[in-house]
Amino acid sequence: MDCIFCKIINGDFNTEFVLENEHAVVFNDINPKAPVHMLVVPRLHVASLNELNDKNLLGELMMTVKEAAKKAGLKSYKTLINTGKEAGQEVFHLHIHVMGEKK
Ligand code: 5GP
Ligand code: ZN
């Protein structure tokens, strides 16, 4: 499958991970929209939130958001999931944006 995030998860681009666990990997956005801009990405290829039916995985992803924010030194941050092209989704592998600034 030609999915850029699957390739990153696979280590094809030697992308540094902020953290990784059984369910997800976290890495910095290549085009940051905030001083800290990370992406929390499930290891499982799911095209978007519309294709996700696993409540447990969603819970694990949100717990990973919290862990990544803590690790990056963010006490305050925004989370964003773009779902569908019209909403601005460019990469069709589910991901949660985590954006903030260390204070
Ligand atoms: P979307 O618009 O799909 O919600 O977000 C996709 C995000 O992935 C964008 O913010 C974009 O900058 C980021 N991105 C796209 N390709 C790469 C890549 O190869 N490496 C990294 N680190 N981020 C990427
Ligand atoms: Zn993928």
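## Ligand 1 and its contacts

Start with E90: in this predicted model, one of its backbone N or O atoms sits 2.7 Å from an oxygen atom of ligand 1. Right alongside in the sequence, V91 also uses its backbone, with a polar atom 2.9 Å from an oxygen atom of the ligand. H97 brings in its side chain instead, placing an N or O atom 2.8 Å from a ligand oxygen. As for cover, ligand 1 on its own would expose 520 Å², and the protein buries 85% of that.

Which residues come nearest to ligand 1? There are 16 residues around it, and the nearest are N28, D29, G88, E90 and H97. So E90 and H97 turn up on that list as well as among the polar contacts, E90 through its backbone and H97 through its side chain.

## The zinc site

Ligand 2 is a zinc ion, held by two cysteines and two histidines: C3 and C6 through SG, H45 and H93 through ND1. The donor distances run from 2.0 to 2.3 Å. What geometry does the site have? It's tetrahedral, with angles of 104 to 116° among the four donor atoms.

Along the chain, the donors follow the spacing C-x2-C-x38-H-x47-H. C6 belongs to helix α1 (residues 4-9), while H93 is in the loop between β4 (77-80) and β5 (96-100), so this pair ties together parts that are 87 residues apart in sequence.

Is each end of that pair buried or exposed? H93 is buried, at 0% relative accessible area. C6 has 22% relative accessibility, and because buried means under 20%, C6 counts as partly exposed.

## The overall fold

Now for the protein as a whole. How many helices and strands does it have? There are two helices and five strands, and reading along the sequence gives the order α-β-β-β-α-β-β. The helix that opens this pattern is α1, the one carrying the zinc ligand C6.

On size, the C-alpha trace spans about 40 × 30 × 25 Å along its principal axes. A compact globule of 103 residues would have a radius of gyration near 13 Å, and the protein's own value is 13 Å, so the two agree. Buried residues account for 41% of the 103 in the protein, and H93 is one of the buried ones.

How values were computed: Residues numbered from 1 in each chain as written. Chains lettered and ligands numbered in written order. Predicted model: local features only at pLDDT ≥ 70, side-chain atom pairs only at ≥ 80, totals over all residues. Heavy atoms only, no water. Donors = N, O, S within 2.8 Å, 3.2 Å for Na, K, Ca; no water. Tetrahedral: all angles 85-135°; square planar, octahedral: opposite > 155°, others 65-115°. Helix = DSSP H or I, 4+ residues; strand = E, 2+ residues; numbered from the N terminus. Buried < 20%, exposed > 50% of the residue type's maximum accessible area, 1.4 Å probe, protein only. Near = heavy atom within 4 Å. Polar contact = N/O pair within 3.5 Å; in protein donor to acceptor, adjacent residues only side chain to side chain. Areas by Shrake-Rupley, 256 points an atom, 1.4 Å probe, with all protein chains shown as cover. Rg over C-alpha atoms; globule rule 2.2 N^0.38 Å.
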